[in-house]
Amino acid sequence: LFSLSPPARGCVLLCAAVATLCFAAQELSGNYSQVDKLWSLLPTAYVWLFVGLSASPIHPRLLLLAGCISVWSARLTYNFARKGGYRWPPWTGEEDYRWPVLRAAVPQPLLWHLFGLFFVAIAQNIILMLLVVPLAEIVRQLSVPGSGLQWGDWAVAAGFLSLVLVETVADQQQYNFQS
């Protein structure tokens with residue numbers, strides 16, 4: 001852990017803390033959809049933690065990527081929220097339909113709790129953290145002379161945001177159809 005860069009170490013520590021909280025919340029509430037509520041939020045938290053813990057000055061490419069990830073996250077979070085995905089207190093709310101099905105398939109309580117710990121709480125949080133791993137390589141490359149924003153960065157960002165726009169339209173069409 002100590003050989004990791006400060007941004008990577010911060011992400012690992014945040015991942016461990018969130019996995020612990022998710023496991024505690026799911027065990028105490030019986031609702032195993034705790035990570036589901038964070039699925040759209042955590043990549044943004046990781047990317048901005050990565051930006052905040054990176055060496056100064058912060059490179060514009062890193063900010064461009066963080067902005068794109070934030071837009072994607074806002075779209076997903078909005079859709080989850082408007083369908084009633086968030087409640088107060090946060091550990092309440094509906095459980096995803098898959099968890100009761102899986103719970104019935106694993107009748108042994110100890111095995112279910114181990115599944116809840118290792119897959120639901122830990123593995124899913126690690127997957128979310130790994131979404132920002134490419135940023136480590138990008139940060140490493142930023143020390144190379146001439147590594148400023150290029151036309152390709154803007155083209156990729158524009159393409160990405162165009163796809164988010166298409167997804168947003170599709171989300172609205174699906175919402176209208178289901179309402």
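**Close-up views of an eight-helix chain**

Residues 24 or more positions apart supply 79% of the contacts in this chain, counting those with a separation of 6 or more. Keep in mind that this is a predicted model.

**View 1. The whole chain comes first, as eight helices and zero strands.** Follow the sequence and you read α-α-α-α-α-α-α-α. The C-alpha trace spans about 60 × 50 × 25 Å along its principal axes. Of the 179 residues here, 32% count as buried.

**View 2. Helix α3 covers residues 42–53, and its span can be checked by simple arithmetic.** With twelve residues at 1.5 Å a residue, α3 should span 16 Å, and its end C-alpha atoms are indeed 16 Å apart, so the two agree. Which residues of α3 are buried? They are Leu42, Pro43, Thr44, Tyr46, Val47, Phe50 and Val51. These buried residues pack against several other helices: α1 (6–29), α2 (34–38), α4 (60–82), α6 (109–130) and α7 (134–141).

**View 3. Zoom in on Trp48, a residue of helix α3.** Is Trp48 buried or partly exposed? Trp48 has a relative accessibility of 38%, so it counts as partly exposed. Setting aside neighbours within four places in sequence, Trp48 is in contact with Leu63, Ala66, Gly67 and Ser70. With Ser70 there is also a polar contact, side chain to side chain, at 2.7 Å. For a sense of scale, Trp48 and Tyr97 are 49 residues apart in sequence, and their C-alpha atoms are 32 Å apart in space.

**View 4. Here α4 packs with helix α8 (residues 151–178).** The angle between them is about 5 degrees, and their axes are 11 Å apart. Because angles under 35 degrees count as roughly parallel, α4 is roughly parallel to α8. On the α4 side, the contact is made by Arg61, Leu64, Cys68, Val71, Trp72, Arg75, Asn79 and Arg82. The α8 side brings Asp153, Trp154, Ala157, Phe160, Leu161, Val164, Glu167, Thr168, Asp171, Gln172 and Tyr175. Sorted by class, the contact has ten nonpolar, three polar and six charged residues.

**View 5. Next up is Asp153, found in helix α8.** Its relative accessible area is 17%, under the 20% cut-off, so Asp153 is buried. What does Asp153 touch, not counting residues up to four places away in sequence? The list is Arg61, Leu64 and Gly148. There is a link to the backbone too: a polar atom of the Asp153 side chain lies 2.7 Å from the backbone nitrogen of Gln150.

**View 6. The last stop is the loop between α4 and α5 (98–105), where Pro89 lies.** Look at the peptide bond from Trp88 to Pro89: it is cis, with omega near -5 degrees. Glu95 is found in this loop as well. At 22% relative accessibility, Glu95 counts as partly exposed. Not counting residues up to four places away in sequence, Glu95 touches Gly30, Asn31, Tyr32, Ser33, Pro100 and Arg103. Two of these partners deserve a second look. The side chain of Arg103 makes a polar contact with the side chain of Glu95 (2.7 Å). As for Tyr32, its backbone nitrogen lies 2.7 Å from a polar atom of the Glu95 side chain. Glu95 and Gly52 are 43 residues apart in sequence and 34 Å apart in space, C-alpha to C-alpha.

Technical notes:
Residues numbered from 1 in each chain as written. Predicted model: local features only at pLDDT ≥ 70, side-chain atom pairs only at ≥ 80, totals over all residues. Heavy atoms only, no water. Helix = DSSP H or I, 4+ residues; strand = E, 2+ residues; numbered from the N terminus. Expected span 1.5 Å × (residues − 1). Buried < 20%, exposed > 50% of the residue type's maximum accessible area, 1.4 Å probe, protein only. Contact = heavy atoms within 4.5 Å. Axes fitted to C-alpha atoms, helices over the stretch in contact; angles between N-to-C directions. Parallel < 35°, antiparallel > 145°, perpendicular 65-115°, else oblique. Nonpolar A, V, L, I, M, F, W, Y, C, P; charged D, E, K, R; others polar. Polar contact = N/O pair within 3.5 Å; in protein donor to acceptor, adjacent residues only side chain to side chain.
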